[in-house]
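Here's a quick briefing on a metal site and some internal empty space. Have a look at the structure first, then read on.

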Amino acid sequence: MLFLASKNIEKKPVSVVLLREEGKVLRHPFYRVLNDADKALIDRFLAATDLKKSPVNTLFLPSGSRILIIGTGDKNSFTAKKVLLAMRQVIAAAKKAGIKNVQVYIPDFVSKDSKDLNWLAESFATQAELANFEFVVYKTSKEDKPNFVEKVLVYAERNPAQAQKYLDRGKIVGEEMNAARTLANTPAGDMTPEGLAKAAEAAAKANKISIKVLEEDAMRRLGMGGVLGVGQGASAKPRFIVMEYWGASKREPPVVLVGKGITFDSGGINIKPERGLHEMHMDMSGGAAVIHTVTALARLKARKNIIGLIPAAENMVSGASYRPGDVLKTMGGKTIEVGNTDAEGRIVLADGLEYAKKYKPRLVIDAATLTGAALVALGQRASAMFSTERRYENLLREIGERTGDPVWPMPLWEEFEEELKANFGDLSNIGKYDRIGGLATSAVFLWQFIKPIPWVHLDIAPRMTSMEGDNLAKGSIGAPVNLLVHFLEKF
Ligand code: BES
Ligand code: ZN
Ligand code: ZN
């Protein structure tokens, strides 16, 4: 989508006017430039319409131009979250009405939570890209192709150059999130560990990121028994993807991101019940998010050192699969006794976290669709966050809400370690009380492989797919790219 900040109001694109319940249209710049007949029609319409009941309205004006009026509720309920929804709604409404060019006014999005026009311009571009996205790669009929918005004119009377700068930033973030969504939405037959590695290579090549893809032999030499064990039942072979973006002095220790890259999770021999299985090609969402967070930061020319690691494997059922009761030796030497082959994410991450230590990182963040228990706890409203660093939790929470990528803190407590004791291995991959405490034990399991390095774990299973009311297409939503980009820029 093209975003253009302009000093002038133009006639051709459809003007979008957002109105608070108590709002006056009289002062709106898009209203003020209209002729009297157009104004009169709008006045009559607003006098007769309850914007609360019918928030989205397209009006055809006597002069021939069109205007989109969107009601955003009253001022006090227009929170940061609702601002993001309204931004998406502008595009969703235009898409639905077949409108290709729109014109918006960023101050319309000012809320009690945010008055920063630069931030609003950046957010708008990101949210507009997200709302304009549909996964149509496999649609062959023209009728199924949605109308996409092609151009957004942003009226910025005072400083169009500055608005443009923030629009461009936001566009990059939105595009990278959509790229992550495409990877996650792609069916598992077409998005194997090798396919994921190829996608990472393509993204890296275009953006001065160095990349290395370890194949089975190299992984065996490193002793990555976790990734190899989980992947041994599949005919699509595992890979370990290493992306390095050095935007600062090489002497500065990097932040390492680790993303779960299970390209399909059948559950393995502990096969999953039917429910939800068809979505398990998205079990590499964390990996996709890591690939496109690194890429976004490179495109934004962040002066940071960021490493992205993705242990990628397919968890399948076959005569060669790993079994319950198997004991796998991970890269760091610790052994894992497999209590359940469906708790495979933590096993591949064990090798990923160990590999991260090579970099002597300042901080390690992993993102993984790790547990159904996180979904049970939080619904689809927030990712679960576990961290050794209390001081980052508040910042992550705050940025999460501002970017529409919410995370919520959970307890990382040593007491749970006792529940992970195994009979024959060092650790069991499931907790002693099975589903009770399943979210906490999954995080405490990972912790054993990264101690004593500062670490944040994001269980993004809750936010793998869109939910009703999101104003987003079905399927992946690209979490937590937006959160990570903004956190790492600040970090
Ligand atoms: N990939 C799943 C978790 C998941 C569930 C992600 C739903 C997205 C939506 C994970 O590998 C898994 O199966 N976890 C098990 C762990 C259990 C066996 C201890 C779970 O949550 O049931
Ligand atoms: Zn699983
Ligand atoms: Zn999984």
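Which residues are the protein donors of the zinc ion (ligand 3)? They are Lys260 (NZ), Asp265 (OD), Asp283 (OD) and Glu344 (OE), at 2.0 to 2.4 Å from the ion. Keep in mind that this is a predicted model.

**Zinc ion (ligand 3)**
- The site of the zinc ion (ligand 3) comes out as octahedral, with 6 donor atoms and angles of 78 to 173° among them.
- For six octahedral donors, the ideal angles are 90 or 180 degrees.
- Along the chain, the donors of the zinc ion (ligand 3) are spaced as K-x4-D-x17-D-x60-E.
- Two of these donors tie distant parts of the chain together: Asp265 belongs to strand β10 (residues 261-265), while Asp283 sits in the loop between β10 and α9 (285-299), 18 residues apart.

**Zinc ion (ligand 2)**
- The zinc ion (ligand 2) gets its protein donors from Asp265 (OD), Asp342 (O), Asp342 (OD) and Glu344 (OE), which lie 2.0 to 2.2 Å away.
- Asp342 shows up there with both an O and an OD donor.
- The site of the zinc ion (ligand 2) is irregular, with angles of 72 to 168° among its 6 donor atoms.
- Its donors follow the spacing D-x76-D-x1-E along the chain.

**The bridge**
- The zinc ion (ligand 2) and the zinc ion (ligand 3) are 3.2 Å apart, and Asp265 coordinates both.
- Glu344 (OE) is listed among the donors of the zinc ion (ligand 2), and Glu344 (OE) also appears among those of the zinc ion (ligand 3).

**Buried or exposed?**
- Asp265 has 3% relative accessibility, so it counts as buried.
- Asp283 counts as buried too, because its relative accessibility is 1%.
- Glu344 is buried, with a relative accessible area of 0%.
- Asp342 has 22% relative accessibility, and because buried means under 20%, Asp342 counts as partly exposed.

**Internal cavities**
- Rolling a probe the size of a water molecule over the atoms shows where empty space is left.
- Searching the whole structure turns up 5 cavities of 30 Å³ or more.
- The largest cavity has a volume of about 70 Å³.
- It is lined by 13 residues, and the closest to its centre are Arg88, Met177, Gly404, Arg463 and Ile477.
- By class, the lining of the largest cavity has 5 nonpolar, 5 polar and 3 charged residues.

Methods:
Residues are numbered from 1 along each chain as its sequence is written. Chains are lettered from A and ligands numbered from 1 in the order in which they are written. This is a predicted model: local features need pLDDT of at least 70, side-chain atom pairs count only at pLDDT 80 or more; totals for chains, interfaces and linings use all residues. Side-chain values use heavy atoms; hydrogens and water are left out. On a 1 Å grid over the protein atoms alone, a cavity is a set of points where a 1.4 Å probe fits but cannot get out, and a pocket is an open set with protein on both sides within 12 Å along at least five of seven lines; lining residues have an atom within 4 Å of a point. Grid points are joined across faces, edges and corners, and a volume is the space filled by probe spheres set on the points. Ala, Val, Leu, Ile, Met, Phe, Trp, Tyr, Cys and Pro count as nonpolar, Asp, Glu, Lys and Arg as charged, and the others, Gly among them, as polar. Donors are N, O and S atoms within 2.8 Å of the metal (3.2 Å for Na, K and Ca); water is not among the atoms, so sites may look incomplete. Four donors count as tetrahedral if all angles lie between 85 and 135 degrees; four count as square planar and six as octahedral if opposite donors are over 155 degrees apart and all others between 65 and 115; anything else is irregular. Buried means under 20% relative accessible area, exposed over 50%, partly exposed in between (1.4 Å probe, protein chains only). Helices (H or I, at least four residues) and strands (E, at least two) are DSSP runs, numbered from the N terminus.
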